[in-house]
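Here's a quick briefing on a protein model. Take a look at the structure first, then we'll go through its surface, its fold and its confidence.

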Amino acid sequence: MEYVNYIALGCSIVAFLLSVIAGARVGKFVRSTADTDWETLANLTGDIAALKRTCQTLNNRLNGMNKATIPQEQIIQQMLEHQNVEQIRRGG
């Protein structure tokens with residue numbers, strides 16, 4: 001039954017160490033962003049929005065390249081065939 005106590009102790013030590021590491025990372029983040037003002041934040045937000053639009057445009061272009069295109073003549077032919085079938089069904 002002692003091994004359960006050792007496992008619990010080990011888990012507690014690991015949890016404590018992880019919380020210390022997380023606290024250190026949060027402290028580092030707070031120190032690095034301490035001199036950030038609202039104007040800088042607004043500029044970063046604008047830059048991120050511009051990057052997002054650029055990525056969306058690029059993705060749309062790449063998706064357009066991958067799509068299989070149907071020739072326009074084939075579409076017109078299918079439309080004409082569909083119209084002929086509709087006229088036959090109507091009795092005209």
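In this predicted model, a nonpolar surface patch is built from Tyr6, Leu9, Ile13, Phe16, Leu17 and Val20, which together offer about 640 Å² of accessible area. Residues are numbered from 1 along each chain as its sequence is written, and side-chain values use heavy atoms, without hydrogens and water. Local features need pLDDT of at least 70 and side-chain atom pairs pLDDT 80 or more, while totals for chains, interfaces and linings use all residues.

**Surface**
- A patch takes residues with over 30% relative accessible area and no salt bridge, joining nonpolar side chains (Val, Leu, Ile, Met, Phe, Trp, Tyr) within 5 Å and like charges within 9 Å.
- A salt bridge puts a side-chain nitrogen of Lys or Arg within 4 Å of a carboxyl oxygen of Asp or Glu.
- The protein's accessible surface (Shrake-Rupley, 1.4 Å probe) is about 8,900 Å², and 63% of that belongs to carbon and sulfur atoms.
- Buried residues (under 20% relative accessible area) account for 0% of the 92 residues.

**Fold**
- There are 3 helices and 0 strands (DSSP runs of at least four and at least two residues).
- Ile13 sits in helix H1, residues 2-32.

**Confidence**
- Mean pLDDT (the predictor's confidence per residue, 0 to 100) is 84, with 84% of residues at 70 or more.
- Among the elements, H1 has the highest mean pLDDT (96) and H3, residues 72-90, the lowest (71).

Conventions. Buried means under 20% relative accessible area, exposed over 50%, partly exposed in between (1.4 Å probe, protein chains only).
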